[in-house]
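Visitor: I'd like to walk through a structure and ask where the labels come from. Could you show it first?

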Amino acid sequence: TQEVSASAHVDTKGLQFRREADRNLNTITFVMAVFDGKDKLLGAQQRHVSINAADGQLAELSARGLDMTFTFKLAAGTYRLRGVVMDSVQHLVGAKSESVNVP
């Protein structure tokens, strides 16, 4: 088996926030799943990024976005990686699938 890393990037420029006092709040949920050639789910990982930013921090967050990396141990073969991202304010969902060959 080999370690395979998959990463997801969220462009945060259009992200909306919930205001609480002087803070901008949102939680981004990342899910990455691995499927075999017969579309059987082999594994999935979920991570949350809680954003609790002051107004002055939003420009930097908007410029760099958010990144998350997942690592799976996979035997040789062909797999489908499926990444899904959702925010807690607008409940916007983004998803992408990629095929990967592990030698």
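Guide: What follows is a chat about the terms used for this chain and the values behind them.

Visitor: Ground rules first, please.

Guide: This is a predicted model, with local features needing pLDDT of at least 70 and side-chain atom pairs counting only at pLDDT 80 or more, while totals for chains, interfaces and linings use all residues. Residues are numbered from 1 along each chain as its sequence is written, and side-chain values use heavy atoms, with hydrogens and water left out.

Visitor: What makes up the secondary structure of the chain?

Guide: There's one helix and there are seven strands. Helices (H or I, at least four residues) and strands (E, at least two) are DSSP runs, numbered from the N terminus. Along the sequence they read β-β-β-β-α-β-β-β.

Visitor: How do you know how the radius of gyration of the chain sits against a compact globule?

Guide: The rule for a globule is 2.2 Å times the number of residues to the power 0.38, with the radius taken over C-alpha atoms. For 103 residues a compact globule would come out near 13 Å, but the chain has 16 Å. The C-alpha atoms fill a box of roughly 50 × 20 × 15 Å along the principal axes.

Visitor: Why is A6 called buried?

Guide: Buried means under 20% relative accessible area, exposed over 50%, and partly exposed in between (1.4 Å probe, protein chains only). A6 has 8%, so A6 counts as buried. This residue is found in strand β1 and touches M32, M68, T69, F70 and L81, leaving out residues up to four places away in sequence. Touching, or contact, means heavy atoms within 4.5 Å. A6 and M68 are 62 residues apart in sequence, yet their C-alpha atoms are 8.4 Å apart.

Visitor: And what makes L74 buried?

Guide: L74 has 5% relative accessibility, so the under-20% cut-off is met. L74 lies in strand β5, and its contacts beyond four places in sequence are T1, Q2, V4, V34, Y79 and V102.

Visitor: What makes a set of residues a nonpolar core?

Guide: A nonpolar core is a set of buried Ala, Val, Leu, Ile, Met, Phe, Trp, Tyr and Cys residues joined through side-chain atoms within 4.5 Å. Here the largest has 22 residues, and those with the most contacts inside it are I28, F30, M32, V49, I51, L66 and L74. Strands β1 (2-10), β3 (23-35), β4 (41-54), β5 (66-74) and β6 (77-87) each supply at least two residues, and β5 gives the most, with five. In soluble globular proteins, nonpolar side chains tend to be buried together.

Visitor: Which residues does L66 touch?

Guide: Beyond four places in sequence, L66 touches A8, H9, V10, T12, I28, F30, V49, I51 and L61.

Visitor: Why is A21 called exposed, while D39 is called partly exposed?

Guide: A21 has a relative accessible area of 75%, so it passes the 50% mark. D39 has 47%, so it falls between the 20% and 50% limits. A21 is found in the loop between β2 (18-20) and β3, and D39 in the loop between β3 and β4.

Visitor: What is the phi of A21, and of D39?

Guide: A21 has a positive phi of about 55°, and D39 has a positive phi of about 65°, although neither is a glycine. Most residues other than glycine have a negative phi.
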